[in-house]
Amino acid sequence: MTLPNTVTTERLTLPLWTRADVDAIRDRFGELARLPSWHPEFPREDDRDAATMWVEDDPWSSRYIMRNTTVLGSIGFFGPPELAPDGTPETEVGYGLVTEARGWGFATEALKGLLACADEEGVRIRASVEPTNAASLRVLAKCGFTDLRGADEDGHLVMARPGGTMVR
């Protein structure tokens, strides 16, 4: 199972992170130069967390959410799909945007772009979200996450979306 290195939607580009990207994102002390394409609020703490899970040359890893030439956030899977108990390949997705980019439909558009690729591979996707994060719950609903699986150990709602049911 593989995904393209860059996913393109109507307004966005979702390129995989490179080693240089991850090194710069992980640089908490400013020893490396900020990349010129980054929005002033990027990277957020969640982006730094995603960088700890990054795997080089893994198309199921972290990506930028870019509008034109500006990085507005990140999106990616928490690793390649693994077989769920029912035999369906499944993985988890996470995403986030800088504050200024919220409310414009970018998270929904980026997630739908990645879901279309996962659908082609027959992969079911799940997501964990804080119950109070109404914006993220709306994004998941718009993208077809209808199966509420309960809560994880951190109290986040775990939602799943069957593969092959892309919501346009």
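At 168 residues, a compact globule would be expected to have a radius of gyration near 15 Å, and the protein comes out at 15 Å, so the two agree. The model behind this figure is a predicted one. Its C-alpha atoms fit in a box of roughly 45 × 35 × 35 Å along the principal axes. Buried residues account for 48% of the chain, and 61% of the contacts with a separation of 6 or more join residues at least 24 positions apart.

As for the fold, there are four helices and nine strands, running in the order β-β-α-α-β-β-β-β-α-β-α-β-β. On the outside, the accessible surface adds up to about 8,700 Å², with 51% of that coming from carbon and sulfur atoms. Charged side chains number 18 positive and 27 negative, and the centres of these two sets sit 6 Å apart.

Now to the aromatics, where the structure holds four pairs. One of them puts Phe42 against Tyr64 edge-to-face, at 5.8 Å between centres and 65° between planes. Phe42 comes from the loop between helix H1 and helix H2, while Tyr64 belongs to strand S3, 22 residues away. Phe42 is buried at 0% relative accessible area, and Tyr64 is buried too, at 5%. In another pair, the ring centres of Trp60 and Phe77 are 5.0 Å apart with planes at 55°, so this one counts as tilted. Trp60 sits in the loop between H2 and S3 and Phe77 in strand S4, so the pair ties together parts 17 residues apart in sequence. Trp60 is buried at 2%, as is Phe77 at 4%. Phe42 and Tyr64 also join Trp17 and Trp38 in one aromatic cluster.

Notes. Residues numbered from 1 in each chain as written. Predicted model: local features only at pLDDT ≥ 70, side-chain atom pairs only at ≥ 80, totals over all residues. Heavy atoms only, no water. Helix = DSSP H or I, 4+ residues; strand = E, 2+ residues; numbered from the N terminus. Rg over C-alpha atoms; globule rule 2.2 N^0.38 Å. Buried < 20%, exposed > 50% of the residue type's maximum accessible area, 1.4 Å probe, protein only. Contact = heavy atoms within 4.5 Å. Areas by Shrake-Rupley, 256 points an atom, 1.4 Å probe, with all protein chains shown as cover. Lys, Arg positive; Asp, Glu negative; His and termini not counted. Charge placed at Lys NZ, Arg CZ, Asp CG, Glu CD. Phe/Tyr/Trp six-rings, centres within 6.5 Å; stacked < 30°, edge-to-face > 60°.
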